[in-house]
Amino acid sequence: MAWDGWQRSAPLLLWLIWFVPIAIVLPGVAADRLRSVTWLSFISLIYFVTATLRIFAEPASTRAQLELLAVIGVFNCSMFYVRQRARELRELNQVHGTGQV
């Protein structure tokens, strides 16, 4: 989607609408905050919908298919990471006896 916007000279407002949701959560993801990674997975669902719509509009588009695979990869990786990291934190809290997750 971003590449198509670049080729078609999309206005700055469309670029902002497209990239701001990801830009908001990236600092939290880089700081290893589970809430930010969870929000990344929720936000990736918006990109999933747009990629799916694009595939139905352009079935032969390899870029649309790659975009959909990338979004699915981001969603799966973020969800599995949250699941694993939450387990680690829960076990760590049980060992130290804090009782908070």
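**View 1. Arginine 85 and glutamate 88 meet in a salt bridge, with 3.2 Å from N to O.** Everything in these views comes from a predicted model. Arginine 85 and glutamate 88 both belong to helix 4, where they sit three residues apart, about one turn of the helix. It helps to recall a simple rule here: an α-helix has 3.6 residues a turn, so residues three or four places apart point the same way. Glutamate 88 is partly exposed, with a relative accessible area of 38%. Through salt bridges that share partners, Asp32, Arg85 and Glu88 are joined into one network.

**View 2. Arginine 85 also forms a salt bridge with aspartate 32.** The closest N and O atoms of arginine 85 and aspartate 32 are 3.2 Å apart. This pair links distant parts of the chain, since arginine 85 is in helix 4 while aspartate 32 is in the loop between helix 2 and helix 3, 53 residues apart. Are these two residues buried, exposed or something in between? Arginine 85 counts as partly exposed at 24% relative accessibility, and aspartate 32 counts as partly exposed at 31%. Take a look at the backbone of aspartate 32 too: its phi is positive, about 65°, although the residue is not a glycine.

**View 3. Arginine 54 and glutamate 67 form a salt bridge between helix 3 and helix 4.** How many salt bridges does a search of the whole structure find? The search finds three, and one of them joins arginine 54 to glutamate 67, with the closest N and O atoms 2.6 Å apart. The two partners, arginine 54 in helix 3 and glutamate 67 in helix 4, are 13 residues apart along the chain. Arginine 54 is buried, with a relative accessible area of 8%. Glutamate 67 counts as buried because its relative accessibility is 12%, under the 20% cut-off. Threonine 52, another residue of helix 3, has its C-alpha atom 9.1 Å from that of glutamate 67, although the two are 15 residues apart along the chain. Threonine 52 counts as partly exposed, at 23% relative accessibility.

**View 4. Tryptophan 15 and phenylalanine 19 form a stacked aromatic pair.** A search of the whole structure finds three aromatic pairs. In the pair of tryptophan 15 and phenylalanine 19, the rings lie 5.5 Å centre to centre, with 15° between the planes. Why does this pair count as stacked? The answer lies in the angle, because planes under 30 degrees apart count as stacked. Both residues belong to helix 2, and being four residues apart they are separated by about one helical turn. Tryptophan 15 counts as partly exposed at 24% relative accessibility, and phenylalanine 19 is partly exposed with a relative accessible area of 38%. For another ring arrangement, turn to tryptophan 18 and tyrosine 47: their ring centres are 4.6 Å apart and their planes are at 85°, so the pair is edge-to-face. That pair links distant parts of the chain, with tryptophan 18 in helix 2 and tyrosine 47 in helix 3, 29 residues apart. Tryptophan 18 is buried, with a relative accessible area of 17%, and tyrosine 47 is buried as well, at 10%.

**View 5. Seven residues, including Trp39 and Ile72, make a nonpolar surface patch.** The patch covers about 650 Å² and is made by Trp39, Phe42, Leu45, Phe48, Val49, Leu53 and Ile72. Which helix gives the most to the nonpolar patch? Helix 3 does, with six residues. Tryptophan 39 lies in helix 3 and is partly exposed, with a relative accessible area of 46%.

**View 6. Helix 4 spans residues 62-96 and packs against two other helices through its buried residues.** Helix 4 has 35 residues and reaches 50 Å from its first C-alpha to its last, close to the 51 Å expected at 1.5 Å a residue. Its buried residues are Ala64, Glu67, Leu68, Val71, Ser78, Val82, Ala86 and Asn93. What do these buried residues pack against? Their partners are helix 2 (12-30) and helix 3 (34-57). Just after helix 4 comes glycine 97, which takes a positive phi of about 75°.

Note on methods. Residues numbered from 1 in each chain as written. Predicted model: local features only at pLDDT ≥ 70, side-chain atom pairs only at ≥ 80, totals over all residues. Heavy atoms only, no water. Expected span 1.5 Å × (residues − 1). Buried < 20%, exposed > 50% of the residue type's maximum accessible area, 1.4 Å probe, protein only. Contact = heavy atoms within 4.5 Å. Patch = residues over 30% accessible without salt bridge, like charges linked within 9 Å, V, L, I, M, F, W, Y side chains within 5 Å. Areas by Shrake-Rupley, 256 points an atom, 1.4 Å probe, with all protein chains shown as cover. Salt bridge = Lys/Arg side-chain N within 4 Å of Asp/Glu carboxyl O. Phe/Tyr/Trp six-rings, centres within 6.5 Å; stacked < 30°, edge-to-face > 60°.
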